[in-house]
Amino acid sequence: MLPKACLFDMDGLLLDTETIYTKSTNIILERYQKGSFPMEIKAQMMGRPSREACHIFLEWSKLDLSYEQYVQMQRELQSELWKQTQPLPGALELLRQCKTLNIPVALATSSDTYNFERKTGHLGDMFQLFENNIVTGDDNRLHPGRGKPNPDIWFIALEVINEKLRSKGEPEVEARDCLVFEDSILGLESGRAANMRVIWVPDPKLLPFFSLSPEQAADKDIIKCSSLKEVDLRKL
């Protein structure tokens, strides 16, 4: 049965931004002669709000930097790199399929507005498909400390869709009828905590550092795919 709404993460799912995060982080580590950025630490950071992810990194690296100093370094390094981001395989085609099937979509990303605008500014045709149904990690409706794996961001994204449906006199979509697309374990957990089905598309390089619990592995509402190219909404 077709989902009644599709909700998407962004980094590492729709866009190839994770390679840029790794590159800029390794540049910083090299400056301080700290070695390379382990995938195990990267896996722990993925899907978290910026401040939480930075805390994990700074705790591991022992760099004598404040959160603000570290973020500023990253922004300076990434300012040009973000212009190179491209859709991951199958992402644009899936969004277009949602449009064709008249399935409303929303974006729910832990990226703050600053980074979101720089990652997507050159990809207007793709992100226009969301019709402004976009929730970023610094959205004022998202309470501090309630990022993924909490379900809040998905409920906010669904409410954005439902607000438009109500204005048109159409029935609202319930959480159980939504399909969440995620690449991180935290995102998967947050989607299921929202009582939504989840398509999980982990990065193969990070898969060794992700492990599903026995309950998650047996959960029929979690579908693992190696690429968004495998997803056909008409066959779920």
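Let's start with strand 4, residues 178–182: five of its five residues are buried, so the strand is largely enclosed by the rest of the structure. Keep in mind that this is a predicted model. From that strand we'll move to its partners, and then to the aromatic rings, which form nine pairs in this structure.

**Strand 4 and its neighbours**

- Strand 4 is covered on both faces. On one side sit Cys178, Val180 and Glu182, on the other Leu179 and Phe181, and all of them are buried.
- Strand 1 (residues 5–8) runs parallel to strand 4, and four bridges join the two. Along this pairing, Ala5 stands opposite Cys178.
- Strand 5 (residues 197–200) also pairs with strand 4 in the parallel sense, over four bridges. Here Leu179 of strand 4 stands opposite Arg197 of strand 5.
- How does the chain get from strand 4 to strand 5? It crosses through helix 9 (residues 185–193), and this β-α-β crossover is right-handed.

**Aromatic pairs**

- A quick tip for reading these: a pair of aromatic rings is described by the distance of the centres and the angle of the planes.
- The structure holds nine aromatic pairs. One of them is Phe37 with Phe57, an edge-to-face pair at 5.8 Å centre to centre with 85° between the planes.
- That pair links distant parts of the chain, 20 residues apart: Phe37 is in the loop between helix 1 (17–31) and helix 2 (39–45), while Phe57 belongs to helix 3 (residues 50–61).
- Are these two rings buried or exposed? Phe37 has a relative accessible area of 6%, so it is buried, and Phe57 is buried too, at 0%.
- Next come Phe116 and Phe127: their ring centres are 5.9 Å apart and their planes meet at 85°, so this pair is edge-to-face.
- This pair also links distant parts of the chain, with Phe116 in helix 6 (residues 113–120) and Phe127 in helix 7 (residues 124–127), 11 residues apart.
- Phe116 counts as buried because its relative accessibility is 10%, and Phe127 counts as buried because its value is 8%.
- Which residues do ring pairs link into a cluster? They are Phe8, Phe116, Phe127, Phe130 and Phe181. You've already met Phe181 as one of the buried residues of strand 4.

**Charges over rings**

- Arg118 lies over the face of Tyr114, 3.6 Å from the ring centre.
- Lys119 lies over the face of Trp82, at 4.9 Å from the ring centre.

Definitions and conventions: Residues numbered from 1 in each chain as written. Predicted model: local features only at pLDDT ≥ 70, side-chain atom pairs only at ≥ 80, totals over all residues. Heavy atoms only, no water. Buried < 20%, exposed > 50% of the residue type's maximum accessible area, 1.4 Å probe, protein only. Pairing = 2+ DSSP bridges. Right-handed = clockwise from strand over helix to strand, strands pointing away. Phe/Tyr/Trp six-rings, centres within 6.5 Å; stacked < 30°, edge-to-face > 60°. Lys NZ or Arg CZ within 6 Å of the ring centre and 35° of its normal.
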